[in-house]
Amino acid sequence: MDAKEKKALEVTACKVRLGILEGVFNAKSGHPGGSLSIADTLTYLYFNKMNVDPKNPDDPDRDRFVLSKGHTAPALYSVLAQKGYFSTEELKSLRHIGALLQGHPCIHIPGVDMSSGSLGQGISTACGMALAGKTSGKSYKVYTVLGDGEIEEGQVWEASMFAAHYKLDNLVAVVDNNGLQIDGRISDVMSPYPITDKFAAFGWNVVEADAHDFDSIEKAFAAADACKGKPTVIVQKSIKGKGVSFMEDNVSWHGAAPNAEQYEQAKGELEAALAALEA
Amino acid sequence: MADVKKIATRESYGNALAELGDKYENLVVLDADLAAATKTGIFKKKFPDRFFDCGIAEANMMGVAAGLAACGKVPFASTFAMFAAGRAFEIVRNSIGYPHLNVKIGATHAGISVGEDGATHQCNEDIALMRTIPGMTVINPADDVEAKAAVEAAINYVGPVYMRFGRLAVPVFNDPATYKFELGKGVKLRDGKDISIIATGLMVAEAVTAAEKLAAEGISAEVINIHTIKPIDKEIIAATAQKTGKVLTVEEHSIIGGLGSAVCDVLCECCPTKVVKIGVNDEFGHSGPAAKLLEQFGLCADNIYVTAKEIVK
């Protein structure tokens with residue numbers, strides 16, 4: 001991507017972060033930390049990588065996305081709103097009674113390809129989608145994003161074995177390695193390290209990336225495209241809460257909403273970042 | 001029924017898949033290293049490119065089935081009932097039930113008629129578990145003819161379906177020439193006025209035998225086959241209860257949460273009727289030949305006959 005495209009992605013990612021904040025603040029609950037850590041990756045996928053069209057959301061040939069770490073739905077919803085699947089106004093009623101946007105992704109929401117949120121399950125459904133593509137001779141790709149805590153679930157490794165066995169090179173999994181889970185540092189709670197070695201041992205093409213650098217993200221997905229005969233995992237080093245100073249790398253923002261004062265501060269920081277980008 | 005042909009409904013399942021594979025191009029089959037036992041191996045032989053072994057990983061298999069269905073396939077995910085409904089319950093609920101995906105679950109080796117393998121593999125809880133999932137259709141066919149028809153009905157219905165099949169060979173009592181499977185419709189197999197015997201799965205043939213024995217003693221038993229436990233046929237259940245005033249349910253499943261409970265759910269709302277349940281009581285099974293176990297647990301024509309006689313008395 002050139003400098004202009006990169007700047008455009010940075011601007012969009014900043015808007016996505018503002019949408020995440022808006023959603024979680026108005027919901028008075030939700031998961032801002034892990035949503036902010038994947039904001040850049042999701043922005044890249046929906047605005048640069050994936051073949052999707054909000055005007056034709058059910059196109060059988062479209063690329064698919066499964067948010068296996070479904071609790072970070074605010075990030076997905078905010079990206080989908082930016083992309084035009086529904087109004088950004090919807091973000092304000094996230095988690096409210098009767099609202100379109102459920103606490104975790106639901107297949108009935110425009111642009112959401114699979115319900116998810118019970119950890120470990122999204123990667124299996126993504127495998128099924130990739131297998132369907134292979135058996136139907138379709139060229140679409142399937143992307144899924146997992147948490148680094150999520151990979152403690154045994155089902156993830158069942159799915160990993162499956163993806164390699166069936167040579168699902170149309171599947172790309174991203175492990176969002178922000179290093180934190182609800183009870184603390186992943187290395188303290190139940191270490192999944194070494195993550196890259198584990199996936200390599202399961203037969204995957206393993207790529208590493210910086211989750212907050214679009215050049216690095218682009219390079220990683222290009223490496224996935226270049227690999228044939230194996231699924232690719234991108235282990236991305238990320239910062240939980242990225243973009244909001246007091247949330248960064250702080251586990252207490254895994255599943256908590258900001259109060260009014262914190263909301264104003266976070267909004268101010270993100271708006272300042274946006275203004276600087278647009279200047 | 002001593003002379004009739006006997007076929008295990010798991011066999012019917014495998015045969016039906018293989019027979020329907022040509023007609024339904026989107027049909028694909030998944031198994032978890034049990035293709036020889038679930039009989040999906042019959043399909044695998046005919047359609048190797050549409051059969052996917054998932055290995056001993058039932059949770060992932062259910063998720064894969066969900067993904068296949070989301071992309072237009074009609075996947076049949078097959079394993080023993082214990083692992084389909086038991087081990088993979090939460091995946092079935094969240095990845096298949098909640099998004100209401102078009103996944104068909106072929107669960108074989110249900111109930112204590114698994115036999116020698118014993119309690120760890122005798123699933124007496126699957127109907128109870130599956131019927132609590134919103135939008136899940138639950139089918140428990142009674143014989144070969146019904147099982148094969150149920151498989152095709154499941155393909156033609158859009159949405160998740162749980163199908164329960166047995167390991168034990170059971171009498172084929174339906175006539176393939178005239179049998180018509182209607183999803184959600186009970187089948188009256190015998191008219192009667194003294195008592196209603198409502199049965200499902202392999203207990204249906206036993207119920208018919210019991211009714212014949214009762215008839216010889218002047219007791220007129222109505223026999224209803226409930227192959228679709230969810231959505232259940234409320235009309236046929238209410239009508240027979242109102243007619244006889246006495247209901248006996250029979251199932252090879254726990255008396256907690258299965259057919260008996262489903263029948264009580266219907267009757268307590270529309271026409272309170274005394275219901276006696278024959279099923280596996282609140283206990284685990286154990287090893288032994290299937291026929292002996294069924295007898296020991298009272299899941300046989302003799303016990304249905306004795307119990308019905310007691311109720312009518």
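# Worked exercises on a two-chain model

Chain A has ten helices and seven strands, where helices (H or I, at least four residues) and strands (E, at least two) are DSSP runs numbered from the N terminus. This is a predicted model, in which local features need pLDDT of at least 70 and side-chain atom pairs count only at pLDDT 80 or more, while totals for chains, interfaces and linings use all residues. Residues are numbered from 1 along each chain as its sequence is written, and chains are lettered from A and ligands numbered from 1 in the order in which they are written.

**Exercise 1. Work out whether the radius of gyration of chain A agrees with that of a compact globule.**

Step 1: get the expected value. The rule is 2.2 Å times the number of residues to the power 0.38, with the radius taken over C-alpha atoms. For 279 residues this gives a value near 19 Å, and chain A has 17 Å, so the two agree.

Step 2: look at the box. Along the principal axes, the C-alpha atoms of chain A fill roughly 50 × 45 × 40 Å.

Step 3: check burial. A residue is buried if 20 or more other C-beta atoms lie within 10 Å of its own, exposed if 12 or fewer, and partly exposed in between, with C-beta atoms placed from the backbone. On that count, 53% of the 279 residues of chain A are buried.

Step 4: check the contacts. Two residues are in contact if their C-beta atoms, placed from the backbone, lie within 7 Å. Take the contacts in chain A with a separation of 6 or more: 76% of them come from residues 24 or more positions apart.

**Exercise 2. Describe the side of chain A that touches chain B.**

Step 1: count. Chain A puts in 22 residues and chain B 23 residues.

Step 2: find the elements. On the chain A side, those giving two or more residues are α5 (122-136) and α6 (154-165). The largest share, ten residues, is from α5(A).

Step 3: sort by chemistry. Here Ala, Val, Leu, Ile, Met, Phe, Trp, Tyr, Cys and Pro count as nonpolar, Asp, Glu, Lys and Arg as charged, and the others, Gly among them, as polar. The chain A side then splits into eleven nonpolar, nine polar and two charged residues.

**Exercise 3. Find the residues that touch the most other members of the largest nonpolar core, and trace the neighbours of A:Cys127.**

Step 1: define the core. A nonpolar core is a set of buried Ala, Val, Leu, Ile, Met, Phe, Trp, Tyr and Cys residues joined through C-beta atoms within 7 Å.

Step 2: list the top residues. Of its 193 residues, A:Cys127, B:Met62, B:Ala65, B:Ala107, B:Ile197 and B:Ala207 touch the most other members. Helix α4 (residues 58-70) of chain B supplies the largest share, nine residues.

Step 3: follow A:Cys127. Leaving out residues up to four places away in sequence, A:Cys127 touches A:Ala159, A:Phe162, A:Ala163, A:Leu168, A:Leu171, B:Val64 and B:Gly67.

**Exercise 4. Say how the two domains of chain B meet.**

Step 1: set the bounds. An automatic or database domain assignment divides chain B into domain 1 (6-171) and domain 2 (187-312). Their C-alpha centres lie 25 Å apart.

Step 2: count the contact. Domain 1 of chain B gives 28 residues and domain 2 of chain B gives 30 residues. The domain 1 side divides into 13 nonpolar, nine polar and six charged residues.

**Exercise 5. Which residues of helix α10 (residues 234-244) of chain B are buried, and are they on the same side or on opposite sides?**

Step 1: pick them out. B:Ile237, B:Thr240, B:Ala241 and B:Thr244 are buried.

Step 2: place them. They cover an arc of only 100° around the axis (by the directions from the helix axis to the C-beta atoms), which puts them on the same side of α10(B). An α-helix has 3.6 residues a turn, so residues three or four places apart point the same way.

Step 3: name the partners. The buried residues of α10(B) pack against β10 (195-199), β11 (221-225), β13 (246-254) and α11 (259-270) of chain B.

**Exercise 6. Locate the backbone oddities.**

Step 1: recall the background. Most residues other than glycine have a negative phi, and most peptide bonds are trans.

Step 2: find cis bonds. One joins A:Tyr193 and A:Pro194, with omega about -5°; A:Pro194 is in the loop between α7 (186-189) and α8 (195-201) of chain A. Another runs from B:Lys230 to B:Pro231, with omega near -5°.

Step 3: find positive phi. A:Lys28, not a glycine, has a phi of about 60° and counts as exposed, with 12 C-beta neighbours inside 10 Å. A:Lys167, also not a glycine, has a phi of about 50° and is partly exposed, with 15 other C-beta atoms within 10 Å.
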